[in-house]
Each structure stands twice: as structure tokens, then as C-alpha cells.
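Trainee: Please explain the terms used for this structure, and show how each of them is justified.

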Amino acid sequence: MASRVAATVNGGEAGVAVSAAAPSQTAPSAPRVFLDPQNDEAARLLDGIDTLILDCDGVLWTGSKTIAGAPEALQLLRDQGKRLRFVTNNSSKSRAQYVSKFRGLGIEADASEVMSSSYGAAAYLQSIGFGISLQPGKKVLLLGPEGVEHELALAGVPFVAARGLGLPIYDSPDAMLRMEVDTGIGAVVVGLRELPGCFLVATNTDDFDYIGGGRTMPGTGCIVAAVETASGSKAVNVGKGGPWLFPFLCSSLGLDPARTAVVGDRLDTDIALAREGGMLAILPLTGVATLDDALAAPPCKAPDAVVSSVAALAGL
Ligand SMILES: [Mg+2]
């Protein structure tokens, strides 16, 4: 049954940025597994697919290291006429900064092909008319990286960044009682009960990030959870795993879910996005999720196929 997917803010007060009819979630009975490098069957997964939504961390690179065969695979897929879009929950960079990273790793990409969650946060706030029709005259308090600053500035969303502000330290009850509240803040990633009407925007709610070498670090979701608890508000997640992204991708890219594949290394974000949108879900084993994770996943997070890497999808 088709269902409406809509992004809402604080129970729907701010309305819906974009919405689209989502196909029903069709879960595979068991993922098809392609791990034999001598077998080019994995490449046939993309027959009938004209758009690939590719995750970046754990698919194209790990930290500052390119995953073997990824640049060549992307070029081959382009040569086959596939449309590539790079959709990442990592908000550390703007789209322009991502293009520099791509090129530094030997991958050609255009800013129009990049959909980072830093851009998503700015696009979301712009789409709801923040600072104009919604919370007129107010600004965003950003608790986030430089990439989001760049995208908010490009979108014309007024903001003040906590990063580098030299904010005072409240290290005692007396100091906290002297804390001043800026009533010009209308949307924050740090919310306080003293600011009624503020809402929270999360670039993602990932619980951890894989940084290579078998090591992980706490992800943005840890900060979001702390802020949600402190503010008593629920954040709008504009990244993969949240309700806003798929309708936005549909409207901005003109996606045909039946001809689109999502390639990503996380079940709770990449594969969940594919399941939500009725798109082909492909898990490469170069990042977070393992084959055992894929085989044990619930239907809403189960991939259609597991491949050794993105290179296998190009027959490399
Ligand atoms: Mg990833």
C-alpha cells in the first residue's frame, strides 16, 4: 500500500518541506550474496538501474584512504550511462569541500552530484522559510562543523555558530544562574526550555562513525540525544534514517525508485533509505555492516544484495 512520507517539525507546527508517495517496503526473503571476485554476476544487479545513490564513508573511502577500485568503478559506471549521486550523512564538509575531497582521492565529481547532510540541513531550513515566514527575524544556533556553516550561508539562512565563538564556560551552579539566554535564537541544535518554540534539526542521528583500523568514534546521534533530553524536543533528522530525505530526493532528483539503487555500508541509514523508498538496496562489505549483520537484519533494514565492494558492481 502506498503511504505518504512527510517531514514535520515539533509535531507538525512548521509544516511539511516536501513529501512524496513512497512505494511499499518490499523486504527480500534473504539477501543475494556476491563475494566471488571471479564471478561478474554482481555487475548484473545494475541491469535496469539508471541512478545510483552512493554513500561515501565505507563505500568510496575510509577516512583519507580510497577504497580499492572505487575511482575506476565510478568511472565505469559513468561510462555505462549511470547517473551517480553521492548522499552522505557526514556533515563535516559542504558540497564544494566534498568535491575537493573527491578530486584529492582521484574521483571526479561535481557539486551538483553531492547531497551531504550539511546541505540537507540548509535546504530543509530554507524550504520551511525559517527566519522569514517561520520564526521571522530569528537565527539558527549551530552546534556543528564548518561544512554546515558554509551551506547555511549559501542558503541565506541566518545563523550563529557555536564553533569558535569562545563561548563562556558555565562550570558551577552560580555561573549557570548568571547565564544569559539569547532570545534571537529560533532554531537550534542546542535547545533550552527557556526558549519556547525553538526546534531542533539534526544532520544525522548516527550512533557511531567507523574511522578505519577497526576503530569507531561517537557519532552525531550521541550529541543529538543529549540535546533532545536537555530540551525536551525531538529533532528533525534530515539525514539518511530520517523521514525528510527520501521525499526530498524524489522531488529534487526526479527519482524513479524502480530504476534506482542505494549503495551503502550501514543498515540503519543506507539500507533503511532504500527499503523506505522501494529502491534496490546493495550493501558493500567495506564499511560498518558485516555479512552476519545483513543476514540477521529485520526486513526494514535488510539489503537485497551483498557485494564485496563497489568495484564488484562495475565488474572489476
Ligand atoms: Mg557509510
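**Terms and evidence**

Mentor: Let us begin with one pair of residues: Thr88 stands opposite Ser116 in strand S8. The model is predicted, so local features are taken only where pLDDT (the predictor's confidence in each residue, from 0 to 100) is at least 70, and side-chain atom pairs only at 80 or more, while totals for chains, interfaces and linings use all residues. Residues are numbered from 1 along each chain as its sequence is written.

Trainee: How confident is the prediction, as given by the mean pLDDT of the protein chain?

Mentor: The mean is 83, and 81% of the residues reach 70 or more. Over residues 1-25, however, pLDDT is below 50, although this stretch has 58 contacts in the model beyond near neighbours in sequence. Residues 189-194 also stay under 50, with 22 contacts beyond four places in sequence. Two residues are in contact if their C-beta atoms, placed from the backbone, lie within 7 Å.

Trainee: What makes S7 and S8 a pair of strands?

Mentor: A strand here is a DSSP run of E with at least two residues, a helix is a run of H or I with at least four, and both are numbered from the N terminus. Two strands pair if DSSP finds at least two bridges between them. Three bridges join S7 to S8 (residues 114-116), and the two run parallel; they therefore meet the rule for a pair. S7 (residues 83-88) also pairs with S4, in the parallel sense over four bridges. One of the partnerships there sets Ile53 beside Arg85 in S7.

Trainee: Why is the unit of S7, helix H2 and S8 called right-handed?

Mentor: The word describes the crossover: with the strands pointing away from the viewer, the path from the first strand over the helix to the second runs clockwise. S7, H2 (residues 95-104) and S8 make a β-α-β unit of this hand.

Trainee: Where does UniProt place the feature "binding site"?

Mentor: The unreviewed entry places it at Asp55, Asp57 and Asp265. They span 211 residues in sequence, yet no two of their C-alpha atoms are more than 8.1 Å apart, so they gather at one spot. The record also has an "active site" annotation, which covers Asp55 and Asp57. UniProt positions follow the numbering used here, feature names are shortened, and annotations may be inferred rather than shown by experiment.

Trainee: How do you know that Asp55 is buried?

Mentor: A residue is buried if 20 or more other C-beta atoms lie within 10 Å of its own, exposed if 12 or fewer, and partly exposed in between, with C-beta atoms placed from the backbone. Asp55 has 27 such neighbours, so it is buried. Asp57 has 23 and likewise counts as buried, and Asp265 is buried with 25.

Trainee: In which loops do these residues lie, beginning with Asp55?

Mentor: Asp55 is in the loop between S4 (51-54) and S5 (61-62), where Asp57 lies too. Asp265 belongs to the loop between S16 (260-263) and helix H8 (267-277). Beyond four places in sequence, the contacts of Asp55 include Thr88 and Asp265. Asp57 is in contact with Thr62, Thr88, Asn90 and Gly287. Gly287 is also among the residues that Asp265 touches.

Trainee: What makes S17 largely enclosed?

Mentor: Five of the five residues of S17 (residues 280-284) are buried, so the rest of the structure largely encloses this strand. In a regular strand the side chains alternate between the two faces of the sheet. Both faces of S17 are covered, with Leu280, Ile282 and Pro284 buried on one side and Ala281 and Leu283 on the other.

Trainee: Which strands are bridged to S17?

Mentor: S16 runs parallel to S17 and is joined to it by three bridges, with Val263 opposite Ile282. S18 (residues 305-307) pairs with S17 in the parallel sense, also over three bridges, and there Pro284 has Val307 as its partner. The chain crosses from S17 through helix H9 (residues 291-296) to S18 in a right-handed β-α-β crossover. S16, H8 and S17 make a right-handed unit as well.

Trainee: How many helices and strands does the protein chain have?

Mentor: There are 10 helices and 18 strands. Of the 316 residues, 46% count as buried.
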